[in-house]
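Visitor: I am new to protein structures and would like a friendly tour of this one. Could you take me through it step by step?

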Amino acid sequence: MENFKHIQTAHCENGVTVSLLKHNGVEFMTEPLAFGLGSGLFYIHIPFMKVNNGPAISFRTMPGAIFKRTCKSLDIKVERKKFKSKIEAQFFLNEKLNEGIPVGCQVGVFHLNYFPKAYRFHFNAHNLIVFGQEDGKYLISDPVMETTTTLFPEELEKVRFAQGALAPKGQLYFPKTIGDITEERLRNAINKGIKRNCRDMLHIPGGIAGVKGINYTANKIRGWRDKLGERQAALYLGQIVRMQEEIGTGGGGFRFLYAAFLDEASEILGNDKLLNISDQLTKSGDLWRDSALQMSGIYKGRLTSQKDYDDCASLLNEISNVEKEAFKQLSKIVIK
Amino acid sequence: MKKSDLPQDKSDLVNFTREVCYVKNENGKYEAELSSGWDVKTDALNSAWLDIENRIEEAKNLFLSGEASPIEYYMELKLMDYTVLAGYTGFWKWQIKKHKNPKTFNTLNDRKLQKYASAFGVTLIELKKPSF
């Protein structure tokens, strides 16, 4: 596909969404916009579950949701397919490539050879685009990479059929039909994306999701040093920082990305009030970075006392308040 | 975060890629900017790997003292949990738990062992007798 353009983004799913939509003529799509239309910002701390021997925490909505919601809100029909058979999965992919259609694929990272070894865990919700074949290799556009890369068919098969939690099962997806996207539709889509994000951050019952979830983690942190011992507790904090800052978040646990979305939304809608909320999200992102710095003092062994853990927790309480206020105000802004 | 505050520290991403971060430029507008890394999270990643190495070492010692089969060791070495290994081998989690016992492990035929070997990406001989 000669006309396919690789686009690097912070997060893989945003990137696949942006690239595939732009390729299909939705020129105005940007990463912040895709993230906002997909109501990407979130916080959840799932109790009793472990990921890589640490706490299960996420700063964004569930995998797959951003592509799905963004397309739906713009009335774009999507084809999504999972496979039982590896042969069928490859056959279908080749067919689409021959038709000139770049295809989004969900893959596992562990066997993804072009990733640095230190990043290769059994994480199965990574996304990339296959946009052609050349010299017996597939041409790959991985949104977190600066340039395009390639994979041999057997390598691609391995990552498409990675095993474990969220196993991709060869899953692929691409936009099928795109209608005329009017300004009216875009405005409504932004409105809907914001409303849904306010709901997710403020109104999910139980205390583990949204702004309440951040306080839940804060309370846990206060008890970790006594309960787990210093070594394990420090590792848990390291896990939070990784979920928050590792490649894909755009920094500050996606908060800067959402602030950037509100800036764009303000321009599109001509509503200055959104800029003020954007500033509050920027502040929250900065506070998340501060808390990461504080936590790093602990896992580097420089800080060891209970008070240092309490300081981390207090920062998280403060963040929770900032985000609660921001989303409360956001939900009251009438968008037209 | 201001553009001027974006860290450009050395990290494992060197020679692979740089990552996109969202920062505010001089005019107070958001823009995407590339970063080579941030020490705070590099340290988090390093401490996670240090823990993994400890776990591998513990599993190795359990194997050497005859308390655990090589499956324990290879699971740690390949960062696998039960869900991952069950997916690759087709065994149930409770079967894998049993196979971690050296006595049970020694009764497995080569056909079953081959499933583990393939999942770990090693030969049958390497599976039975890991070289450290």
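Guide: Gladly! One term first: the domain bounds used here come from an automatic or database domain assignment. Also keep in mind that this is a predicted model.

Visitor: Which residues make up domain 1 and domain 2 in the domain assignment of chain B?
Guide: The assignment divides chain B into two named stretches. The centres of these two domains, taken over C-alpha atoms, are 40 Å apart. Domain 1 of chain B covers 3-37, and domain 2 covers 49-128.

Visitor: What radius of gyration does chain B have, next to that of a compact globule of 132 residues?
Guide: Start with the box: the C-alpha atoms of chain B fill roughly 70 × 30 × 25 Å along the principal axes. A compact globule of 132 residues would come out near 14 Å. For chain B, the radius of gyration is 22 Å.

Visitor: How many helices and strands are there in chain B?
Guide: Reading along the sequence helps, as chain B follows the pattern β-β-α-α-α-α-α-α-α. Each β stands for a strand and each α for a helix in that pattern. The count for chain B is seven helices and two strands.

Visitor: Does the radius of gyration of chain A agree or disagree with that of a compact globule, and what is its value?
Guide: The C-alpha atoms of chain A fill a box of roughly 60 × 45 × 30 Å along the principal axes. With 336 residues, a compact globule would have a radius of gyration near 20 Å. The value for chain A agrees with this, at 21 Å.

Visitor: What distance separates the centres of domain 1 and domain 2 of chain A?
Guide: The domain assignment places domain 1 of chain A at 79-173 and domain 2 at 183-332. Taking the centres over C-alpha atoms, the separation in chain A is 31 Å.

Visitor: In what order do the six strands of the open sheet in chain A lie?
Guide: In general, strands of a sheet pair through backbone hydrogen bonds, either parallel or antiparallel. Here the pairing is antiparallel. The order of the six strands in chain A is 3-8-4-5-6-7.

Visitor: Which are the edge strands of this sheet?
Guide: An edge strand can be recognised here by pairing on one side only. Neighbouring strands of the sheet are turned by 40 degrees against each other on average, direction ignored. The edges in chain A are strand 3 and strand 7 (149-151).

Visitor: Which residue in strand 8 of chain A is the bridge partner of A:Arg80?
Guide: Strand 3 (residues 76-81) of chain A and strand 8 (residues 172-178) pair in the antiparallel sense over six bridges. Strand 4 (residues 103-107) of chain A is joined to strand 8 by two bridges, also antiparallel, and there A:Gly104 stands opposite A:Tyr173. The partner of A:Arg80 in strand 8 is likewise A:Tyr173.

Visitor: Where in chain A does A:Leu166 lie?
Guide: A:Leu166 has a phi near 55 degrees, a positive value in a residue other than glycine. A:Lys169 has a positive phi too, near 50 degrees, and lies in the loop between helix 5 and strand 8 of chain A. The place of A:Leu166 is the loop between helix 5 (153-160) and strand 8 of chain A.

Visitor: Which residue in the turn of the hairpin of strand 1 and strand 2 of chain A has a positive phi?
Guide: Strand 1 (residues 41-51) and strand 2 (residues 54-60) of chain A pair in the antiparallel sense over six bridges. In this pairing A:Lys50 stands opposite A:Pro55. Two residues lie between the strands, and the one in the turn with a positive phi, about 45 degrees, is A:Asn52.

Visitor: Are helix 10 and helix 11 of chain A roughly parallel or roughly antiparallel to each other?
Guide: The axes of helix 10 (residues 273-299) and helix 11 (residues 306-332) of chain A come within 9 Å and cross at roughly 165 degrees. Angles over 145 count as roughly antiparallel. Helix 10 and helix 11 of chain A are therefore roughly antiparallel.

Conventions. Residues are numbered from 1 along each chain as its sequence is written. Chains are lettered from A and ligands numbered from 1 in the order in which they are written. This is a predicted model: local features need pLDDT of at least 70, side-chain atom pairs count only at pLDDT 80 or more; totals for chains, interfaces and linings use all residues. Side-chain values use heavy atoms; hydrogens and water are left out. Axes are lines fitted to C-alpha atoms, for helices over the stretch in contact, and angles run from 0 to 180 degrees between N-to-C directions. Helices (H or I, at least four residues) and strands (E, at least two) are DSSP runs, numbered from the N terminus. Angles under 35 degrees count as roughly parallel, over 145 as roughly antiparallel, 65 to 115 as roughly perpendicular and the rest as oblique. Two strands pair if DSSP finds at least two bridges between them. The radius of gyration is taken over C-alpha atoms; the globule rule is 2.2 Å times the number of residues to the power 0.38.
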